[in-house]
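Me: I'd like a close look at one part of this protein, with the details joined up rather than listed. Could you walk me through it?

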Amino acid sequence: MTIAVSIKVHDGVVLAADSASTLFGAHGVTNVYNNANKVFNLYKTLPIGAITYGLGGIGNASISTLMKDLRKRLMGKDTRFDDWKITRDDYSMEEVAQVVREFFYEELYIPEFQQSKLKPALGFIVAGYSSNGDLAEEFRVEIINGDCPDPQTIREKEQAGIAWGGEGEAINRIVLGFGMRLPDALSEMGIKPKEIQPAVDFLRSRLELNFVPSAMPIQDAIELAEFLVSTTVMVSRFTPGAPTVGGPIEIATITKHEDFKWVKRKHY
């Protein structure tokens with residue numbers, strides 16, 4: 001399992017994630033490895049990156065290995081896929097997100113799982129700068145129940161904020177002010193189904209913490225991202241059951257002038 005966090009400010013984007021990879025068997029969790037890679041540079045020397053959550057691999061390859069395969073195509077280093085090469089001065093982040101969807105969902109996920117009753121979830125936050133872009137952009141690519149809609153814009157270019165995927169219970173409580181099971185709790189209280197979402201929206205409007213103003217310096221965004229991931233790691237550690245979020249925290253920044261830059265990265 002995973003916690004993956006993207007924090008966008010006017011100076012750029014911070015991507016952060018834990019390193020846990022969970023194996024499941026017939027009776028639940030069989031093992032947890034703490035060295036998976038979930039933060040990626042999609043094109044070396046360009047301000048394009050991604051984080052992943054959910055399914056840790058497709059077929060015999062990890063998401064990390066597959067992401068590097070995609071990177072070779074985008075950089076024009078795989079001659080079998082010359083049409084995938086990004087033109088440095090003429091690309092958009094929406095196009096990059098579409099390519100991530102095409103590669104992972106259409107080329108890999110559908111053939112692997114189309115005949116299977118098992119439809120594991122897999123998600124990505126793709127972030128960075130379009131050619132000559134002044135502000136970063138974030139797109140979510142998410143496979144749920146075997147379906148993957150077009151990439152969704154997380155927020156407008158001018159807006160700042162936090163996005164996350166994976167085991168989001170701790171961050172939900174910290175940022176939004178309530179846990180992910182709130183709709184179920186309201187239902188058990190007898191709230192009518194059509195009134196539940198308006199109630200959740202109302203509580204969010206009153207309880208959500210505005211952690212991320214647009215002018216937040218990138219260093220503070222780094223520290224906030226590390227705080228959110230590390231808190232989730234500790235919640236997973238002390239919650240009954242296997243600690244499915246853990247291992248080293250990896251952090252990278254994407255900024256207009258420094259491109260993709262590692263802040264914390266584990267080594268072999």
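What follows is a walk along one strand and its partners, with a look at the surface afterwards. Which strands does β1 pair with, and are its residues buried or exposed?

Reply: Happy to. Keep in mind that this is a predicted model, and let's start with the strand itself.

β1 runs over residues 3–9, and seven of its seven residues are buried, so the strand is largely enclosed by the rest of the structure. You can see this from either face. In a regular strand the side chains alternate between the two faces of the sheet. In β1, one side carries I3, V5, I7 and V9, the other carries A4, S6 and K8, and all of these are buried. Note that K8 is on that buried list, along with S6.

Now for the neighbours. Strands of a sheet pair through backbone hydrogen bonds, either parallel or antiparallel. With β12 (residues 161–166), β1 pairs in the antiparallel sense, and there are six bridges between them. If you want a landmark there, find I3 and look across to G166, its bridge partner in β12. The pairing of β1 with β2 (residues 12–17) is antiparallel too, again over six bridges. Here the landmark is I7, which has V14 of β2 opposite. Getting from β1 to β2 takes a hairpin of two residues.

Keep going outward from β2 and you reach β13 (residues 250–255), despite the jump in numbering. These two strands are antiparallel partners over five bridges, and A16 faces I251 across the pair. Like β1, β13 is well covered: six of its six residues are buried. E250, A252 and I254 sit on one side of β13, with I251, T253 and T255 on the other, and both sets are buried. So a charged residue, E250, turns up among the buried ones here.

One further step takes you to β14 (residues 259–264). β13 pairs with β14 in the antiparallel sense over five bridges, and T253 has K261 opposite in β14. The link from β13 to β14 is a hairpin of three residues.

For contrast, try another sheet. An open sheet of five strands runs in the order β5-β6-β9-β10-β11, with antiparallel pairing. Its edges are β5 (39–41) and β11 (152–153), each with a single partner strand, so one side of each has no neighbour in the sheet. At the β11 end, β10 (residues 137–143) pairs with β11 in the antiparallel sense over two bridges. R140 is the residue opposite Q152 there.

Finally, the surface. K44, K68, K72, K77 and R265 form a positive patch. One of them, K77, lies in the loop between α1 (63–74) and α2 (93–113). K77 counts as exposed because its relative accessibility is 57%, and the cut-off for that label is over 50%. There is a negative patch as well, made by D89, D90, E94, E95 and D150. D90 lies in the loop between α1 and α2, and at 60% relative accessibility D90 counts as exposed. That loop therefore holds a member of the positive patch, K77, and a member of the negative one, D90.

Conventions
Residues numbered from 1 in each chain as written. Predicted model: local features only at pLDDT ≥ 70, side-chain atom pairs only at ≥ 80, totals over all residues. Heavy atoms only, no water. Patch = residues over 30% accessible without salt bridge, like charges linked within 9 Å, V, L, I, M, F, W, Y side chains within 5 Å. Areas by Shrake-Rupley, 256 points an atom, 1.4 Å probe, with all protein chains shown as cover. Salt bridge = Lys/Arg side-chain N within 4 Å of Asp/Glu carboxyl O. Lys, Arg positive; Asp, Glu negative; His and termini not counted. Charge placed at Lys NZ, Arg CZ, Asp CG, Glu CD. Helix = DSSP H or I, 4+ residues; strand = E, 2+ residues; numbered from the N terminus. Buried < 20%, exposed > 50% of the residue type's maximum accessible area, 1.4 Å probe, protein only. Pairing = 2+ DSSP bridges.
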